[in-house]
Amino acid sequence: DMLAISLPYEQLFTNALNLMDLAGMPVRASERDESYPLVIAGGHACYNPEPMAPFVDVFVIGEGEEAILRLIATMRAARHLDRETQLRHIAGIEGCYVPRFYDVAYHEDGTIARITPTVPEAPPRVLKTIVPVMPPPVTDFIVPFIETVHNRAPIEIMRGCTRGCRFCHAGMITRPVRERPVDEILDAMEIILEKTGYEEVALLSLSSSDYTHVLELTERINERFGHLGLNISLPSLRIETVSTRLMDNLGDSKRGGFTLAPEAATERMRNIINKYVTHEELLETAREIYRRDWRTIKLYFMIGHPHETLEDVQAIVDLCKAVLAEGRKIHGRKASLNVGVSTFIPKPHTPFQWEPMDTLDQIEAKLALLRREMRETGLRLRWNDPQESLFEGYLSRGDRRVAAAVERAWRNGAVFDAWMDRFNREAWETAFAAEGLDRAFYTHRKRRIDEVFPWEHIDVAVTRRFLTQDYLMSHEGETRIDCRDQCFACGILPRLKDLRR
Ligand code: SF4
């Protein structure tokens, strides 16, 4: 009766159409009556649902664990009704956005004038839904009998992040922070290991070092499971020496890689993006890591941040060389550094939602500099294909008109856009051109401070006032500290207070 699709990123849009088509369903929601399954979509790419609006019956904005139960109950009660009436019932459910019940009006310059609900059941703004307490961890997995990419048991230890990096979509949309008790994590590990035979466990969160009980957790994992020689990954560690202690705590567990994400290399840039770590802190952490017998460190950077210059990019090279030099002091030529570089894509609901994305020429000039300057034994540079990043940029802040390009690109053969070998750039470029849509309008344009965004009616509970303030602060290079230490009234607590038990 229901077809629920996860859309964690925009490159899956054409796959969603493909999936419906293969199931023998029309891809446009307006052509599906109640004899077809109800098509639901959720996930991070749905926080701007508009480029998929004509294809999906209901978007779940926020977390799905409880929303799906409410949806099922409503559909059970409404199964004898026609699709329009079913959807009217659903439009009143918390976190459910039914796009057909909203009208979008445009200004002459192509920007949005207003988005208005057309039925009384549809709220003017759809507030995201969250689970007040993290639901029990999943312990029953389908264990694949072929080697898969994520061949390990994931346990989510925390949801949300308080750091407030201005480029970070996940950090803004998954607020507030909720943590899982240590005992629940350990018990889940026990059950999973017994049921699945996995030898690797990933403790997932957006920022592991910020999990309040992270020291206790790592100590107790070592006590209880240390003898099993498991591979425990604790991704997204903060750049500070205490992170090395966490890895030490995991003791005899096999060590995965040590990854740090400074994201930018100059203090000016880090202030703009609000990722505050000093050069010295980074070098000191790297020294500690190399000293504890890791020979390889991975560093992640982003290029294309707002107001970035080639000097800021050169600083990435200098910093990487300085980190590697620390490794060399300890391990000689055996020390190595892997550097991953991705391109910044401005995302909805972040303080950078107003910012233009770099053009292809800008990105290529920056990548050329990095490739030229990073030629050194022990330094390994990897980067994202700029065309793919640009493509994500066209879609991530697109409006409802972009849906026509999504459909046309799919009809032109675009599918599996996230797979580099399958990404069909031509199909997309032709589709945008044929629909009379200017990609630069969606991607490279600085948006007016008061512009109505295509996602204006989607309420993530972080206020526009807070985001605007933060955006303006970035122009001045002003930072905000972790909001666990000081509340900046982003809006999340009062808006969702009734949900938090
Ligand atoms: S630390 Fe920054 S980049 Fe990482 S999840 Fe939090 S806000 Fe995002």
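## A walk through the predicted model

Start by selecting P154 in β8: its bridge partner in β11 is A202. Before you go on, note that you are looking at a predicted model, where local features need pLDDT of at least 70, side-chain atom pairs count only at pLDDT 80 or more, and totals for chains, interfaces and linings use all residues. Numbering starts from 1 along each chain as its sequence is written, and side-chain values use heavy atoms, with hydrogens and water left out.

**The parallel sheet**

Now widen the selection to β8 and β11 (200–204), which run parallel and are joined by 4 bridges. Helices and strands here are DSSP runs numbered from the N terminus: H or I of at least four residues for a helix, E of at least two for a strand. Strands pair if DSSP finds at least two bridges between them. Add β12 and you have an open sheet of 3 strands, ordered β8-β11-β12, with parallel pairing. Its edges are β8 (153–156) and β12 (231–233), each of which pairs on one side only. On average, neighbouring strands in this sheet are turned by 20° against each other, direction ignored.

Next, show helix α5 (182–196), which lies across β8, β11 and β12 and runs at about 165° to β8. Angles run from 0 to 180 degrees between N-to-C directions, and axes are lines fitted to C-alpha atoms, for helices over the stretch in contact.

**From α5 to α6**

Keep α5 on and add α6 (214–225): the two pack at about 35°, with their axes 10 Å apart. Their crossing is right-handed (near helix turned clockwise from the far one by less than a right angle; anticlockwise would be left-handed). To see the contact (heavy atoms within 4.5 Å), pick residues including I185, M189 and L193 in α5, and L217, I221 and F225 in α6. By class, this contact has 8 nonpolar, no polar and 6 charged residues. The classes are: nonpolar for Ala, Val, Leu, Ile, Met, Phe, Trp, Tyr, Cys and Pro; charged for Asp, Glu, Lys and Arg; polar for the others, Gly among them.

**Around the ligand**

Which residues sit around the ligand? Select C161, R163, G164, C165, F167, C168, L206 and K275, going by a heavy atom within 4 Å. That shell has 5 nonpolar, 1 polar and 2 charged residues.

**The mixed sheet**

Head back towards the start of the chain for an open sheet of 4 strands, ordered β1-β2-β3-β4, with mixed pairing. The edge strands are β1 (2–6) and β4 (96–97), each pairing on one side only. Inside, β2 (38–42) and β3 (58–60) run parallel, joined by 3 bridges; try A41, whose bridge partner in β3 is F59. Helix α3 (83–91) packs on this sheet, touching β2, β3 and β4, at about 30° to the direction of β2.

**α11, α12 and an aromatic pair**

Jump to α11 (360–373) and α12 (386–396), which pack at about 145° with axes 10 Å apart. This crossing is right-handed too. L360, I363, E364 and L367 of α11 meet P386, Q387 and L390 of α12, a contact of 5 nonpolar, 1 polar and 1 charged residues.

Last stop: W354 and F453, an edge-to-face aromatic pair, 5.5 Å centre to centre with 65° between the planes. Rings of Phe, Tyr and Trp (its six-membered ring) pair if their centres lie within 6.5 Å; planes under 30 degrees apart are stacked, over 60 edge-to-face, the rest tilted. W354 is in the loop between β15 (336–343) and α11, while F453 is in the loop between α15 (439–443) and β17 (458–459), 99 residues apart.
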